[in-house]
Amino acid sequence: MEEKHGRDSFDKMYDEKEKMFGHPYREFQDYFNEYPKGSALDLGSGQGRDSIFLALLGYQVTAVDNSKIGIVQMLREAQAQKVEIDGLVAYVLDYETEKQFDNIIFDMLLHGFGKPKQLEILNKYSGLLARKGIMCIVFPDDLTTNHFMSMLKSVSGDWKLLDEIIVKDVPKMEGDDVDFTFTMIVVQST
Ligand SMILES: C[S@@+](CC[C@H](N)C(=O)[O-])C[C@H]1O[C@@H](n2cnc3c(N)ncnc32)[C@H](O)[C@@H]1O
């Protein structure tokens, strides 16, 4: 990511390895399988594992990533799977749209930014959330649910934690010799 990894690091990694992050977590799949379908904005969509999964379920998906290679790989896969995704190459703080979304997904994006940028991003995207829409945030162990809930106190709206799910089905990446767990939270502004 911009702050931790430098501007072009994911392009190079994605070019070297297709489907780098593997399948969507089982916990993510179960959640969105059950959730009412609608529009979804996948921010930092990478090579599109979540976007493609959601599109196959019937969500209308917009995917944004600053890695052109990731977006191209995702659109190729979407075409192969015969689903449509609106894929855009943009920095998360530069993306502009008039649309509102029922679901906004941040899967392993926010932890790459420092707290002020995380807050800026959450502020910006809370404004694109449709009424009763949800934000789904997946983050690694060095962050906590409280970190995000306390940050959301300064984002307009009254934020409610709908779900907190420990993600155990984290696909192993090459070279990993430990089992990682992540946390997935689902929040809604009431
Ligand atoms: C750890 S990957 C996760 C990808 C995807 N969400 C997934 O779980 O498979 C983080 C992604 O965020 C993207 N990213 C990092 N900083 C970004 C920024 N400022 N704007 C848009 N995308 C960014 C990277 O290119 C990368 O694809």
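Is M184 buried or exposed? M184 counts as buried, because 20 C-beta neighbours lie inside 10 Å. The rule behind this word is simple: a residue is buried if 20 or more other C-beta atoms lie within 10 Å of its own, exposed if 12 or fewer, and partly exposed in between, with C-beta atoms placed from the backbone. We will come back to M184 after a look at the whole chain.

## Before we start

This is a predicted model, so local features need pLDDT of at least 70, side-chain atom pairs count only at pLDDT 80 or more, and totals for chains, interfaces and linings use all residues. Residues are numbered from 1 along each chain as its sequence is written.

## The chain as a whole

The chain holds 7 helices and 7 strands. These elements are DSSP runs, numbered from the N terminus: helices are H or I with at least four residues, and strands are E with at least two. Reading from the N terminus, you meet them in the order α-α-α-β-α-β-α-β-β-α-β-α-β-β.

A box of roughly 40 × 35 × 30 Å, taken along the principal axes, is filled by the C-alpha atoms. The radius of gyration is 15 Å, which agrees with the value near 16 Å for a compact globule of 190 residues. That radius is taken over C-alpha atoms, and the globule rule is 2.2 Å times the number of residues to the power 0.38. Of the 190 residues, 32% count as buried.

Contacts tell us about the fold too. Two residues are in contact if their C-beta atoms, placed from the backbone, lie within 7 Å. Among contacts between residues at least 6 apart in sequence, 70% join residues at least 24 apart.

## The sheet

What is the order of the strands in the open sheet? The 7 strands are arranged as β3-β2-β1-β4-β5-β7-β6, and their pairing is mixed. At the edges are β3 (85–89) and β6 (159–167), each of which pairs on one side only. From one strand to the next, the twist averages 15°. Strands of a sheet pair through backbone hydrogen bonds, either parallel or antiparallel. Here, two strands pair if DSSP finds at least two bridges between them.

One pair to look at is β4 (residues 101–107) and β5 (residues 129–139), which run parallel and are joined by 6 bridges. F101 has L129 in β5 as its bridge partner.

## Helices on the sheet

Helix α4 (residues 49–57) lies across β1 (39–43), β2 (60–65), β3 and β4, and runs at about 170° to β2. Helix α7 (residues 145–152) also packs on the sheet, where it touches β5, β6 and β7 (182–189), and its direction makes about 160° with that of β6. For such angles, axes are lines fitted to C-alpha atoms, for helices over the stretch in contact, and angles run from 0 to 180 degrees between N-to-C directions.

## The nonpolar core

A nonpolar core is a set of buried Ala, Val, Leu, Ile, Met, Phe, Trp, Tyr and Cys residues joined through C-beta atoms within 7 Å. The largest one has 39 residues, and L43 and I137 touch the most other members. Strand β5 gives the largest share of this core, 7 residues. Leaving aside neighbours within four places in sequence, L43 is in contact with V64, V92, I104, I105, F106 and L109.

## Back to M184

M184 is found in strand β7. Not counting residues up to four places away in sequence, M184 touches E27, F28, C136, V138, I165 and V167. M184 and F28 are 156 residues apart along the chain, yet their C-alpha atoms are separated by 8.0 Å.

## Two helices and a buried serine

The axes of α2 (9–16) and α5 (68–80) come within 7 Å and cross at roughly 40°. That makes α2 oblique to α5, since angles under 35 degrees count as roughly parallel, over 145 as roughly antiparallel, 65 to 115 as roughly perpendicular and the rest as oblique. F10, D11, Y14 and D15 in α2 meet K68, I69, G70 and Q73 in α5.

S67 sits in the loop between β2 and α5. S67 counts as buried because 23 C-beta neighbours lie inside 10 Å, and S67 touches F10, D11 and Y14, not counting residues up to four places away in sequence.
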